[in-house]
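Colleague: Please take one helix pair in this model and walk me through the packing. Then place it beside the core and one buried site.

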Amino acid sequence: FETVNVLGLDFIKATQTEFLEQLKRDSQTKANRFIVTANPEIVLASKADLAYAKTIRSADYVTADGIGIIKGAKILGDPLPERVTGYDTLVALLSFANKHQKRVFFLGARPAVLQQVLTKVATNYPNLVISGSCDGYFKDEAKVAEQIKQAEPDFVFVALGFPKQEFFIAKYQDLASAIWMGVGGSFDVLSG
Ligand code: UDP
């Protein structure tokens, strides 16, 4: 995708639909991808923390998950088509995973929330394979990383909040050729 630089990050010029089509192709070719759906909090945090900015810049796709970014791009004279949100992307990818019996690893959120997510996923997306899961309050990070590797996932959804989730993905992305995405509070929304 072409990108537009707003506040130091390169946002992809893609509609939600165009982005999903690309991710489906990526998944079918087993590409390793790191997605950041950058909301205003993430963008601001990246301005204040150079290591975090570098981590986000290492992502394959940074989407504009906030109307402020869309407005900013417009003011700069290089508009972005629309918001591409983490939650919508997550739900669409779960449907895709269900349709194609993909393997999904769920990492993050409080234990009870994660359990509700797994129950909902098993009910609503019965053909998706839950290849593994771990709540977001683990002690042994290396063990979690090993668990993900063993699970051989096609998708890894990481709900550790920012900036933790992006640092985690950047560190372990090479353990599985999968679509990795930080999903913030989306497990909490999904569980409800
Ligand atoms: N979270 C987690 N481990 C942590 C910190 C947060 O699993 O060490 C989870 C938290 O339970 C919630 C999600 O990350 O499900 C998002 O947290 P928060 O709302 O603080 O972050 P944001 O949505 O603003 O990224």
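Modeller: Here is the helix pair, followed by the core and a single threonine.

This is a predicted model: local features need pLDDT of at least 70, side-chain atom pairs count only at pLDDT 80 or more, and totals for chains, interfaces and linings use all residues. Numbering runs from 1 along each chain as its sequence is written.

Take helix α3 (residues 50-57) and helix α8 (residues 164-172): their axes come within 10 Å and cross at roughly 55°. Axes are lines fitted to C-alpha atoms, over the stretch in contact, with angles from 0 to 180 degrees between N-to-C directions. Helices are DSSP runs of H or I, at least four residues, numbered from the N terminus.

The α3–α8 crossing is left-handed, that is, the near helix is turned anticlockwise from the far one by less than a right angle. Y52, T55 and I56 of α3 meet E166, F167 and A170 of α8. Contact means C-beta atoms, placed from the backbone, within 7 Å.

Now the core. The largest nonpolar core has 56 residues. Such a core joins buried Ala, Val, Leu, Ile, Met, Phe, Trp, Tyr and Cys residues through C-beta atoms within 7 Å. F11 is one of the residues with the most contacts inside it. Beyond four places in sequence, F11 touches residues including V62, I69 and L80.

Finally, T89 sits in helix α5 (residues 86-99). T89 counts as buried because it has 24 C-beta neighbours inside 10 Å; the cut-off is 20 or more, with 12 or fewer exposed and partly exposed in between. Leaving out residues up to four places away in sequence, T89 touches T37, V84 and M181. T89 and I69 lie 20 residues apart in sequence and 18 Å apart in space, C-alpha to C-alpha.

Notes. Helix = DSSP H or I, 4+ residues; strand = E, 2+ residues; numbered from the N terminus. Contact = placed C-beta atoms within 7 Å.
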